[in-house]
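Reader: I am new to this structure and would like a close look at a single part of it. Please take the sheet and whatever packs around it, and then place that part in its wider setting.

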Amino acid sequence: MIAEALSYPFFQRALIAGLLAAVACGIVGTFVVVRGIASISGGLAHAAFGCVGLGYLMGFDPILGALGFGLASAFGVEVAERRLKQGIDTLIAMVWAIGMAMGIVFIALAPGSEPDLMGYLFGNILFVPARFLFFIAGLDLVIVGVVILLFRRLEAVSFDEEFAWVIGMPVEALSLLLLALVATTVVILIRVVGVILVLALLTMPAAIARHWTDSLAPMMVLATIVGAVCITVGLFFSWMLSSVFSLDVPTGPAIILLAAFVYATSAVLRRVLSAR
Amino acid sequence: MSGPVVVSMDRVNFTYAGVDVLRDISFEFYEGDFVGIIGPNAGGKTTLLKLMLGLLRPDSGSIRILGVSPDEARGSVGYVPQYAHFDRSFPIRVRTAVKMGTLGRGRTRDAEVDDAVARALEQVELHGVADRQMGSLSGGQLQRALIARALVTEPKLLLLDEPTASLDTKIGRSVYELLEELAEKITVVLVSHDIGVISRHVRTIACLNVEMHYHQSKNLTPEMIEAAYGCPVDLVAHGHPHRVLEQHQWADS
């Protein structure tokens, strides 16, 4: 049955896309979790939606628009917080809402047929176009490269930003770089797995990995493995439900619920073990 | 006093949301000083430290650290933040956290860095727990780890924020003994709300409550404390109201 699933090209593409996404999300998600910037990531994901709409209206590739807009929002939020001393929480909520509103306005203004909005919001890992596999592979390369090159610095800024400033590190630039990595990951993966699954993959595997590791690099590796396992099992599980039991369980949500179950189990297990 | 000026402030003002946090602060600390700045909570102690570190900018007045602006002095100042504010679940080992202190200046060779880290850990007597996770340390150990991290930057000036807050007295004393040792070689400035402990270890005391009272001595007059705390003295030092002051009068006579 597993062999049968693997014989379908769409299933192969979904699996490859999922595994590649697990790498990006495992590494970037580790920073998201230890820095506590999950809500910024959510804000960026929805802000990016604004430019998906603009892309439709102006006729350019929505991904390019979203990437530009995602990076601009990351920059805007960071600068507004540092320089204008605005409450980060409020800024995030605003960027979140503004992005969605702009997206919907642009799409309403765009002529022609109704685009697949749901696809951008919720994605569908089973319909990943082949060229996106290259996008995600490219994303992985960039992320792995940047993190290997700047690992100690990114770790230091995540751990203690004030101290990093005091010893003369370029704190603002490093923190913007981290946000840019988050924005790029979110925007590229939105098209593949949708906003909701991106946020799940950025937070859940890393949160699970945190239970079992005491430093950042192993946490990244474990988060990647956990993400890959959740995605693989989720894919096969939803395929099995639909082919054997004719139950049409969407793949994305299946992966998320599986990861949530693993997280809860891991949290309880960790507690029980450390209480002994 | 002797030696060159290490920290100086000249008519520094800092307001937050329209309220004066620091008003007209002027003082000089000299090389080799071991200064304790005491004052009530919300008296501006942490703000004063952050101004010295360049983390905040004054509304008016000038600040010189080691002869330059706080921004330019980055990298020559060791900073030990309040350990209680740390996210203890952050996945980082003691050795890695201490190593962070070597990232500022381009210290190149790995062996040199590892050496400096090992020496700093030895100095604060934490070499035995170097590979434990930061969050698994006790309060006193965590405080020592943060001191080690500041020491590997090879600072000329060490600034500490409430180094013994919420440590029990015995462990707090061991932290101060370490600081006394360090103060033999570098200038040390710390802030604390704990007059009782601080006064037994530092060489000079400043009182801070929006305004600063500092006479480059350990002489704490009742007037200084009342000005700083804005309340009668015996309400200030919880537990041992009079003893603190009497000690100072004896020490000075």
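Author: What follows describes the sheet of chain B, then the contact between the chains, then one helix of chain A. The model is a predicted one.

The sheet in chain B is open and has 3 strands, in the order 2-1-4, with antiparallel pairing. Its edges are strand 2 (19-30) and strand 4 (60-65), each of which pairs on one side only. From one strand to the next the twist averages 15°. Strand 1 (residues 5-16) of chain B is joined to strand 4 of chain B by 5 bridges, and the two run antiparallel. Within strand 4 of chain B, B:Ser60 stands opposite B:Asn13. Helix 1 (residues 45-53) of chain B lies across strand 1, strand 2 and strand 4 of chain B, and its direction makes an angle of about 120° with strand 1.

Chain B also meets chain A: 20 residues of chain B are in contact with 18 residues of chain A. On the chain B side, the elements giving two or more residues are strand 5 (77-80) and helix 2 (94-99) of chain B. That side has 11 nonpolar, 6 polar and 3 charged residues.

In chain A, helix 2 (residues 9-35) has 27 residues and reaches 38 Å from its first C-alpha to its last, close to the 39 Å expected. A kink of about 30° in helix 2 of chain A is centred on A:Val28. This helix is mostly covered, with 19 of its 27 residues buried. After helix 2 of chain A comes A:Gly36, whose phi is positive, near 70°.

How values were computed
Residues are numbered from 1 along each chain as its sequence is written. Chains are lettered from A and ligands numbered from 1 in the order in which they are written. This is a predicted model: local features need pLDDT of at least 70, side-chain atom pairs count only at pLDDT 80 or more; totals for chains, interfaces and linings use all residues. Helices (H or I, at least four residues) and strands (E, at least two) are DSSP runs, numbered from the N terminus. The expected span of a helix is 1.5 Å times one less than its number of residues. The bend at a residue is the angle between axes fitted to the seven residues ending there and the seven starting there. A residue is buried if 20 or more other C-beta atoms lie within 10 Å of its own, exposed if 12 or fewer, and partly exposed in between; C-beta atoms are placed from the backbone. Two residues are in contact if their C-beta atoms, placed from the backbone, lie within 7 Å. Ala, Val, Leu, Ile, Met, Phe, Trp, Tyr, Cys and Pro count as nonpolar, Asp, Glu, Lys and Arg as charged, and the others, Gly among them, as polar. Two strands pair if DSSP finds at least two bridges between them. Axes are lines fitted to C-alpha atoms, for helices over the stretch in contact, and angles run from 0 to 180 degrees between N-to-C directions.
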